[in-house]
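Colleague: I am new to this one and would love a friendly tour. Could we go through it together, one question at a time?

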Amino acid sequence: MIARLGTWLGRRRRPNVWDIPYVPVATEDDVFHCFRLLLGRHPHREEWRGHSAHVGQPLPGVVAGYLNSLECTRRGLLAPAERPALTVAELDAFSIWVQADDAAVGRHVLADNYERDVTAVFRRMLRPGMGVVDLGANIGYFTLLSAALVGPSGSVLAVEPNPANARMLEASRALNGFDHVTVAQVAAGRDTGLLVLNTSHSNGTTSAAPEGIDRLMAAVTVPSVRLDALVPPDRRIDLIKVDVEGAEYHALLGGRETVARHRPAIITEFSPDLMPGISGIDGEGYLVWLIGQGYEFSVIQPDGSLLACGTDRAKVMREYAARGTDHIDLLALPAA
């Protein structure tokens with residue numbers, strides 16, 4: 001092979017290139033020049049045997065394999081894909097990358113008025129050294145707030161299936177130097193498997209994979225992983241925040257062992273009208289399940305104060321109806 005490099009580099013007289021017929025399968029020359037042009041190097045002797053197996057394969061697929069390889073990507077030969085306009089929001093406890101035109105989250109974070117009620121509860125509850133799980137982390141506002149509050153002696157696990165959100169969250173993690181934050185780009189589900197992601201701005205919902213090849217091939221699929229599989233048994237967990245657009249029941253079902261082991265506080269979005277179509281359970285059923293896990297509730301008020309409800313499901317439902325919004329937020333604590 002090495003002896004033939006001179007041939008490939010043009011050290012012998014080639015026929016007139018205009019007389020060479022085009023053949024849509026890869027030759028040895030083609031494979032060699034994929035290395036030379038796309039990877040920026042000659043192949044090593046020990047790797048040539050494997051790569052020469054591409055000879056005779058359809059040329060587009062061979063070229064695409066090299067073009068999409070990590071080695072080629074790192075060379076930066078291709079113009080980067082256009083990315084959304086991002087800006088950094090400088091908040092009092094941390095900085096965070098946002099899209100100013102993200103009506104769901106980014107715009108409110110940039111104006112420093114994002115979920116102030118829930119933010120107040122986080123600030124009251126979290127202390128250095130605590131462990132937090134953020135299910136449905138979105139672009140990471142509560143992940144980063146938690147990281148700032150628990151400090152490097154604590155830990156934060158952010159679970160977010162939307163790749164765009166997860167990339168921004170990881171960028172914000174690095175921006176703040178929060179090495180005690182781990183980002184898992186998966187959906188928190190009741191089982192390990194595959195879900196479909198639908199997005200609106202930075203928000204998104206997950207659902208079971210559809211039947212039918214056409215619908216499935218057109219879907220954006222994401223892995224579903226149980227929280228119990230993500231949290232090491234010896235990891236301290238003091239607080240779980242779950243905001244997964246109606247899939248809260250599924251997310252917590254997948255973390256039953258973690259909840260039973262650590263008895264964490266749970267801050268959960270509660271959207272009774274959305275839950276049946278996503279989780280297959282109505283609002284009261286979700287409350288009954290949490291009560292069965294040994295929890296009682298407070299409704300987080302707009303000013304960040306708490307309306308104690310105990311295990312009174314009807315009181316929670318009345319508060320939801322009176323609020324006139326698509327959801328309320330609950331703080332669930334282990335019953336005394």
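Modeller: Gladly! Let us begin with a term: a salt bridge is a side-chain nitrogen of Lys or Arg within 4 Å of a carboxyl oxygen of Asp or Glu. Please keep in mind that this is a predicted model.

Colleague: With that in hand, which side chain meets Asp92 in a salt bridge?

Modeller: Asp92 lies in the loop between strand S1 (86–90) and strand S2 (95–99), and its partner sits in helix H7, 31 residues apart. The pair links distant parts of the chain. With an N to O distance of 3.1 Å, the side chain that meets Asp92 is that of Arg123.

Colleague: Is Asp92 buried or exposed?

Modeller: Over 50% relative accessible area counts as exposed. Its partner Arg123, at 34%, is partly exposed. Asp92 has a relative accessible area of 68%, so Asp92 is exposed.

Colleague: How many salt bridges does a search of the whole structure find?

Modeller: Here are two examples before the total. Arg41 and Glu47 meet at 2.6 Å, N to O, and Asp238 and Arg236 meet at 2.7 Å, N to O. Salt bridges that share partners also join Arg41, Glu47 and Glu71 into one network. For the whole structure, the number of salt bridges is 11.

Colleague: Is Glu47 buried or exposed?

Modeller: The cut-off for buried is under 20% relative accessible area. Glu47 has 18% relative accessibility, so Glu47 counts as buried.
For Asp238 and Arg236 the values are 21% and 45%. Asp238 is therefore partly exposed, and Arg236 is likewise partly exposed. To return to your question, the word for Glu47 is buried.

Colleague: Now for the strands. How many residues of strand S3 are buried?

Modeller: Strand S3 covers residues 131–135 and is mostly covered. Gly131, Val133 and Leu135 point one way from the strand, while Val132 and Asp134 point the other way. Residues on both sides are buried, and the count for S3 is 5 of 5.

Colleague: Which residue of strand S4 is the bridge partner of Val133?

Modeller: Strands of a sheet pair through backbone hydrogen bonds, either parallel or antiparallel. S3 and S4 (residues 155–159) take the parallel sense, over 5 bridges. Within that pairing, the partner of Val133 is Leu157.

Colleague: What is the handedness of the crossover from S3 to S4?

Modeller: The chain leaves S3, passes through helix H8 (residues 141–150) and arrives at S4. This is a β-α-β crossover, and its handedness is right-handed.

Colleague: Why is H8 described as largely enclosed?

Modeller: The buried residues of H8 include Tyr141, Phe142, Leu144, Leu145 and Val150. Just after the helix, Gly151 takes a positive phi of about 70°. H8 is largely enclosed by the rest of the structure because its buried residues number 9 of the 10.

Colleague: Which residue of strand S10 stands opposite Leu135?

Modeller: S10 spans residues 239–242 and runs parallel to S3, with 4 bridges joining the two. Opposite Leu135 in S10 stands Val242.

Colleague: Which strands stand at the edges of the sheet with the order S6-S9-S7-S8?

Modeller: That open sheet has 4 strands with mixed pairing. S7 (residues 193–200) and S8 are antiparallel over 6 bridges, and Ser200 is partnered there by Asn203. An edge strand has a single partner strand, so one side is left without a neighbour in the sheet; the edge strands are S6 (187–188) and S8 (203–208).

Colleague: Which residues of helix H16 are exposed on the face turned away from its buried side?

Modeller: In H16 (residues 313–323), Val316, Glu319 and Tyr320 are buried. They cover an arc of only 100° around the axis, which puts them on the same side of the helix. Residues three or four places apart in an α-helix point the same way, because there are 3.6 residues a turn. The face turned away carries the exposed residues Arg318, Ala321 and Ala322.

Colleague: One last stop: what accessible area do Val17, Trp18 and Ile20 have together?

Modeller: Trp18 is in the loop between helix H1 (5–8) and helix H2 (28–39). With a relative accessible area of 76%, Trp18 is exposed. Val17, Trp18 and Ile20 form a nonpolar patch on the surface, and their accessible area together is about 390 Å².

Conventions: Residues numbered from 1 in each chain as written. Predicted model: local features only at pLDDT ≥ 70, side-chain atom pairs only at ≥ 80, totals over all residues. Heavy atoms only, no water. Buried < 20%, exposed > 50% of the residue type's maximum accessible area, 1.4 Å probe, protein only. Pairing = 2+ DSSP bridges. Right-handed = clockwise from strand over helix to strand, strands pointing away. Patch = residues over 30% accessible without salt bridge, like charges linked within 9 Å, V, L, I, M, F, W, Y side chains within 5 Å. Areas by Shrake-Rupley, 256 points an atom, 1.4 Å probe, with all protein chains shown as cover. Arc of directions from axis to C-beta.
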